[in-house]
Amino acid sequence: MSLISNLKPGGKHGVPSNESRDPIGYLVAGLNRLAQTDLLDKVRLRKPAEQAVFSVTRTGFKTMTNASRTFAKAGQKGQPGTRPTPAAASGVFDLTPGEDEQMLVDVVTEFADEVVRPAAFEADKECAAPDALLKSSLEIGLPILGVPESLGGVSEERSAMAGTLVAEALAKGDMGLAVATLAPGSVATAIGLWGTDAQQQTYLPAFTGDEVPAAALALSEPTVLFDVLSPSTTAKKSGDGYVLSGTKSLVARGDHAELFVVGAQLDGKPVLFLVESSTEGLSIEGDPAMGVRAASLTKLVLENVKVPADAVLGATDGSTYTECVRLSRLAWCALAVGTAQAVLDYVTPYVKEREAFGEPIANRQSVAFMVANIAIELQGMRLLTYRAASRAAAGKDFSREVALARKACTDKGMQIGLDGVQLLGGHGFVKEHPVERWYRDLRAIGIMEGTVLV
């Protein structure tokens, strides 16, 4: 049997048997096989070999992320794009979903229950969403939820309310997988909301086709006391384009993404830029986090990345960027509501069935009050989030409402996760039960500023 045959794909953590390795893959596999023997120790080459594996892997990883489809330029430069119309105001704050919204929520809820929840444990452990799950999310139309109908999407009006309901339903299955499936649609929604005709005609056909590209927002940065409205990443005018430099963090599936929406400081104002992954100077590094692990979070490093003048998404006065941040925060509030609901749904039957001292622990007043408090705070989180979403969908100012929702979801969401772990006692500390994962995920709400929006 040849050496190449021995290094073919397969195995517990290898490439699937129906795929093939490139030359770098064979080299890394060979070095890995060599590292498992004691030959290196005998000839005192262990350290040099480990350094070689590290260098080859790092270089190969960066090379792979620079591969991207070519987005064919189309549309008219400088012409405004198609915009979704604001949702009609009913005059009252009605929380009852419309017929179309309810149908969408039912489909996504079924997907979350039957596909997302069963895959969550392994996805969290592997820090990756299953390919089959990602493909299934495309079939139910998640990437085109916020794209106007005239551009091939399903939205007749601004989709903030529908997006909020979908994010909540998905997060009841798993927050990490929800982020992984929603990330491409966030970029498509951003282009639908703020893109020019050229940007919409260039990029949106890919999201409405059969081969939807992985894509993500990149707003967060790995700096102390990071202020999302004042990014450290810079954009400088250079000839007929711009040069971007900086590092973005917590970018969902960045190693697979073909298109990014990057936030950068331009002339003292935060601005959004469309950056294709094949652009020279762009590289990806792993950035695993405490929670939301199934989203395969990464760092996006920009080293003098040159983009054309028409890469600017929306206005350059900071207004588009600020609205993007608010819609992203709203999406994270919806994810918090869904995850907190999952905690409540799990602990309620648990405390009724778990017995201590000859009776269910739900009979203990302290336990009953703790579950009641979860339900009370969850309903408050939901009301504030829906209120912000309804104003955003109507095209009204929702800055105050989303600030209140984010504060409630950050504080009360973490408390709900903590109480869920506490109610399960020792079971809340082990991975056999999903509450510890939901607790880790809920701690992300006050930190994650980008990645998804509604």
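**A tour from one helix pair to the nonpolar core**

Select helix α10 (residues 319-353) together with helix α13 (residues 435-442) in this predicted model, and you will find that their axes come within 10 Å and cross at roughly 155°. Because angles over 145 degrees count as roughly antiparallel, α10 is roughly antiparallel to α13. The crossing of these two helices, α10 and α13, is left-handed.

Next, show the side chains where the pair meets: on α10, select Ala-336, Thr-339, Ala-340, Ala-342, Val-343 and Tyr-346, which meet Val-435, Trp-438 and Leu-442 of α13. Sorted by class, this contact of α10 with α13 comprises eight nonpolar residues, one polar residue and no charged residues.

Keep α10 displayed and turn to the largest nonpolar core, which has 129 residues and in which Phe-273 and Leu-335 have the most contacts. Helix α10 supplies the largest share of this core, with 19 residues.

Now centre the view on Phe-273 and, leaving aside residues up to four places away in sequence, select the residues that Phe-273 touches: Ala-235, Tyr-242, Leu-244, Phe-260, Val-261, Val-262, Ala-264, Leu-266, Val-307, Ala-311, Val-312 and Leu-313.

Finally, zoom out to the whole chain, which has 13 helices and 10 strands. Colouring by accessibility should reflect that 48% of its 454 residues count as buried, while a contact map shows that, among contacts with a separation of 6 or more, 76% are between residues 24 or more positions apart.

Terms used
Residues are numbered from 1 along each chain as its sequence is written. This is a predicted model: local features need pLDDT of at least 70, side-chain atom pairs count only at pLDDT 80 or more; totals for chains, interfaces and linings use all residues. Side-chain values use heavy atoms; hydrogens and water are left out. A nonpolar core is a set of buried Ala, Val, Leu, Ile, Met, Phe, Trp, Tyr and Cys residues joined through side-chain atoms within 4.5 Å. Buried means under 20% relative accessible area, exposed over 50%, partly exposed in between (1.4 Å probe, protein chains only). Helices (H or I, at least four residues) and strands (E, at least two) are DSSP runs, numbered from the N terminus. Contact means heavy atoms within 4.5 Å. Axes are lines fitted to C-alpha atoms, for helices over the stretch in contact, and angles run from 0 to 180 degrees between N-to-C directions. Angles under 35 degrees count as roughly parallel, over 145 as roughly antiparallel, 65 to 115 as roughly perpendicular and the rest as oblique. A crossing is left-handed if the near helix is turned anticlockwise from the far one by less than a right angle, and right-handed if clockwise. Ala, Val, Leu, Ile, Met, Phe, Trp, Tyr, Cys and Pro count as nonpolar, Asp, Glu, Lys and Arg as charged, and the others, Gly among them, as polar.
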